[in-house]
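Me: I should like to learn how to read the features of a protein model. May we work through one example together?
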Amino acid sequence: MIEIRVERTIDRPIDVVFDRLAAVDHYDDWLPPSMIFVDSRLSEDGAQIGPGTEFYDSTRFGQLLGKITEYDPPTRISFLQRLRWGGVDVFESRPAYTLTSRNDQTHVVHEGVGRFFGVFRVLDPIGRLMADRERSRVVDALKQSLEG
């Protein structure tokens, strides 16, 4: 099991930060491609953002099917993402963001849990390092995109 936690304070109001996180089909507008992430898009064009909204994250390892599992504007949003290869579950990730308003700033707590399945569990140590870097990179890019 892989667990991560990243905290940052962003110098923007909470609703602005939440809206940026909820717009999963626009992550590639502010999150540059990395060793893992390439882009995101909604499973259905024009879908309403909310609980159950499905999306795809393109990664260097394949396409993750994602779904918004919790949607409580402007304080909480969480996701479930799964990577499958040839019909076999490889990895599952459950990233979540909890936002707290502090005057005109927003404190962001990003927590995530991930796990590899079956024989892929041997990848846990590498997955942990990659998750730590990638999740910090995401929150830092969010902060930079909003504070400019």
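Me: How many positive and negative side chains does the protein chain have, and how far apart do the centres of the two sets lie?
Reply: This is a predicted model. Lys and Arg count as positive, Asp and Glu as negative. The protein chain has 19 positive and 24 negative side chains, with the centres of the two sets 6 Å apart.

Me: What radius of gyration does the protein chain have, and how should the value be read?
Reply: The value is set against a rule for globules that depends on the number of residues. For 148 residues, a compact globule would have a radius of gyration near 15 Å, and the protein chain agrees because its value is 15 Å. Its C-alpha atoms fill a box of roughly 50 × 35 × 25 Å along the principal axes.

Me: In what order do the helices and strands follow one another along the sequence?
Reply: The chain has 3 helices and 7 strands, arranged in the pattern β-α-α-β-β-β-β-β-β-α.

Me: Why is the pair of Phe55 and Phe79 edge-to-face?
Reply: Planes over 60 degrees apart count as edge-to-face. The structure holds 6 aromatic pairs. In the pair of Phe55 and Phe79, the ring centres lie 5.7 Å apart and the planes stand at 90°, so the pair is edge-to-face. This pair links distant parts of the chain, 24 residues apart: Phe55 belongs to strand β3 (residues 54-59) and Phe79 to strand β5 (residues 76-85).

Me: Are Phe55 and Phe79 buried or exposed?
Reply: Buried means under 20% relative accessible area. Both Phe55 and Phe79 are buried, and together with Tyr97 they form one aromatic cluster. Of the 148 residues of the protein chain, 41% count as buried.

Conventions. Residues are numbered from 1 along each chain as its sequence is written. This is a predicted model: local features need pLDDT of at least 70, side-chain atom pairs count only at pLDDT 80 or more; totals for chains, interfaces and linings use all residues. Side-chain values use heavy atoms; hydrogens and water are left out. Helices (H or I, at least four residues) and strands (E, at least two) are DSSP runs, numbered from the N terminus. The radius of gyration is taken over C-alpha atoms; the globule rule is 2.2 Å times the number of residues to the power 0.38. Buried means under 20% relative accessible area, exposed over 50%, partly exposed in between (1.4 Å probe, protein chains only). The place of a charge is taken as NZ of Lys, CZ of Arg, CG of Asp or CD of Glu. Rings of Phe, Tyr and Trp (its six-membered ring) pair if their centres lie within 6.5 Å; planes under 30 degrees apart count as stacked, over 60 as edge-to-face and the rest as tilted.
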